[in-house]
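Visitor: I should like to look closely at a single part of this structure. Please show me a place where two helices meet.

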Amino acid sequence: MAAGARWAELASTVAAADAVVAVGAGTHADIGGAVVGATEVTVPAGIVAFEPADMTATVNAGTTFAELAHALAEAGQECPLDPRDAEATVGGIVACGLSGARRLGLGPLRNQLLEVTFVTADGRVVRGGGPTVKNVTGYDIPRLFTGSLGTLGILVQVIVRTQPIAAASQWFRSVRDPFDLVAALPDAATIRWDGTETHILLEGHQADIDAQVCAVALEPALPGPQPGTLPDGPHRGRISVEPNRISELADGLRGLDARWAAELGVGTVHIAADDPVAVSAARDVAHHCGGWLLREAGAPELDPFGASFPAAAVQRRLRTALDPTGKLSPGRVPATAPASPVGAAA
Amino acid sequence: MCFPESTDDVAFAVQIANQFKMPFVARGSGTGLAGGATPLDGALVIVTTRMNRIIEVDPSARYAWVEPGVLNLDLTRAVTYLGVHYAPDPSSQQACTIGGNVGTNAGGPHCLAAGVTSAHVLAVDVVLPDGSIERLGSLAPDTPGLDLRGGFVGSEGTMGIATRIAVRLTPNPPEIRTLLADFTAIDDASAAVSAIIAAGIVPAALEMMDAQITRAVEDFVGAGFPRDAEAVLLVEVSGLLGGVEIESDAIDRVCREHGARTVRVAVDPDERALLWKGRKSAFGAVARIAPDYYLHDAVVPRTKLVPVIRRVYEIAEQYELICMNVFHAGDGNLHPLLVFDGREPGIWDRVHAAGDAILTACIEAGGVLSGEHGIGLEKRDAMTLVFDADDLDLQARVRDAFDPDGLANPEKILPKGSRCGEIQRVPEGAWI
């Protein structure tokens, strides 16, 4: 098998390297700290297997989302990873922990991932999870890889869930209290609020969309740019906050020179600005509301996370157990401060 | 054995266990089917049943904080009036605890569309194996660093003990339709399951019961299941009215095209509840056939159901055992029950041999060992059927990162010898 040979070659490269980083499409390369001086490796692309009747697809990690979406659409299915840039690779999306734009209705990235195959720091090809849609055989390695930023291993292949594309899909807007809409529309795919306007994406059968529009008095979205487009700019961040506190967060964001869009009911708020100072200020607002801001683009002076990692000792031990010399994406996450010695209380 | 009443109590118990280098095992109601909560080697058993408070319910933000000893069904009952429910619904939901559900990453019939426990746990306060207390995950959508919450759920007590759990509450669907289709051949029912999924429909639940279990349940509950069917499918669709009508019509049609004699739709909530009572009483009903049963939990790709189910019956016949099937067909999660009288000489060897053959057949079809019960002790030594030495070594490293001293429910999940080649490992006690 060609992929197997490529994996073996990759494994020996990784084993021999002092520092190594997997490079995908580079669409989200500003997430996490900069990796300097590491051997760059790429991983194969391509759909390996897709069985529509099983609703699963086996995909090489280097495959772009656009290619995956195209292959699945031919069978009327999709995998709702929905990255900001469709050229992002599947491996990159998983490593960066990017949940899709329809997280409210379709769940986070971690729920879509069934199996991961990766090259370990010591050059072995290891598999975790399993190919079936339901599985508790062993530890949940796929979830640990979600958002691991290339620090646990180099993803080479994943198995994801797929699902039928909804019969109908339509954007609406509303001038009602955005938080009332969350309660009134439990089946919405996403509800976006920018502090002024609320846009709602409804998916499903046309009759159900019509009924919801009628019950909640939604108006069709205005013609023009796609209403679900996330705010863009040279400096961007993503706030994660309890959904209950978005209103409070919005009050803090209003004075800033930044564009933002909140995913109501989820707690994700996308920030974009022309000046990195605004992203930094948005982080302060996030902290004030018990949340945090992940730098997604630009803002080079800004700390990538600006927050301590929970259960830091376990996180450190986990990274060290899988990568004892710290060769995988060095610099991506904060350098490991001395951990508590094994056995001592943290 | 101890019965803590708070997070601090659990931490104290774990600290004492650490002091004496004594292994410890968390235990809820003890309904687990894989031996995950069975104490070995004089382990301290930390029973969570007294930690049974629902701490906070927020129906608008759709979450609840609960203690681990809260019973699964008690949570749903307590929040029903708010128009929400807790989605994972194991058959044992009247007796099993949320903490145990977190430990095993439990499933249930309605996990087909809703997902298993891990999709419904937002955050968990954990007493780590060293006795320290940490919160993994959060009510916010993402936490900085690794998803330790995701790693913890399903770890069967080997990464610490959950003492408070934030679960997602799911809005009750406005419409529910429950269909009962009966078939004269088991292959037809299996093919209908694959065809429903292939038609792009993911029902809320899609359950299959074979002839023997259907009769046993009917004798036990009197739910109106057809006694002469070779197999029945219990299918539920829920959501908004339009989709429910379109999908239930499509399911009716697919079942009839695959040879269903009748497709009955529950006319009211009482009839629906009765049908579900029948399905969830299946394991109790088996006691009327023989005193003992051995239940498996393998999962196969849904497209492989027809050949795998056929193979399961062949294996039972070969070992001269009664085999009954009642399972989550929609996600390919088989529950073959080998029913027997344990007093019969030599029977246990045959039961175990047949069980191994069934597992092997499932794995050859591209399946896995367990869909919702866990590995525990029971399937620990079968892990080598699905994972190679490097895969198991990695899992051992992950486990050891949570529990460097190996005190948290040792001997479970990973077979002996999983820690291969100590290459590149930092010596114990080192500062890393």
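Guide: What follows concerns one pair of helices and then the domains of their chain. This is a predicted model, in which local features need pLDDT of at least 70 and side-chain atom pairs count only at pLDDT 80 or more, while totals for chains, interfaces and linings use all residues. Residues are numbered from 1 along each chain as its sequence is written, and chains are lettered from A and ligands numbered from 1 in the order in which they are written.

In chain B, helix α6 covers residues 186-198 and helix α8 covers residues 241-257. Helices here are DSSP runs (H or I, at least four residues), numbered from the N terminus. The two pack at an angle of about 145°, and their axes lie 9 Å apart. Axes are lines fitted to C-alpha atoms over the stretch in contact, and angles run from 0 to 180 degrees between N-to-C directions. The crossing of α6(B) and α8(B) is right-handed, a term for a near helix turned clockwise from the far one by less than a right angle.

From α6(B), the residues B:A192, B:A195 and B:I196 meet B:I251, B:V254 and B:C255 of α8(B); contact requires C-beta atoms, placed from the backbone, within 7 Å. This contact has 6 nonpolar residues, no polar and no charged ones. Ala, Val, Leu, Ile, Met, Phe, Trp, Tyr, Cys and Pro count as nonpolar, Asp, Glu, Lys and Arg as charged, and the others, Gly among them, as polar.

Chain B is divided into domain 1 (7-171), domain 2 (173-287) and domain 3 (290-378), with bounds from an automatic or database domain assignment. The centres of domain 1 and domain 3 of chain B, taken over C-alpha atoms, are 28 Å apart. Their contact takes 13 residues from domain 1 of chain B and 14 residues from domain 3 of chain B.

Methods: Contact = placed C-beta atoms within 7 Å.
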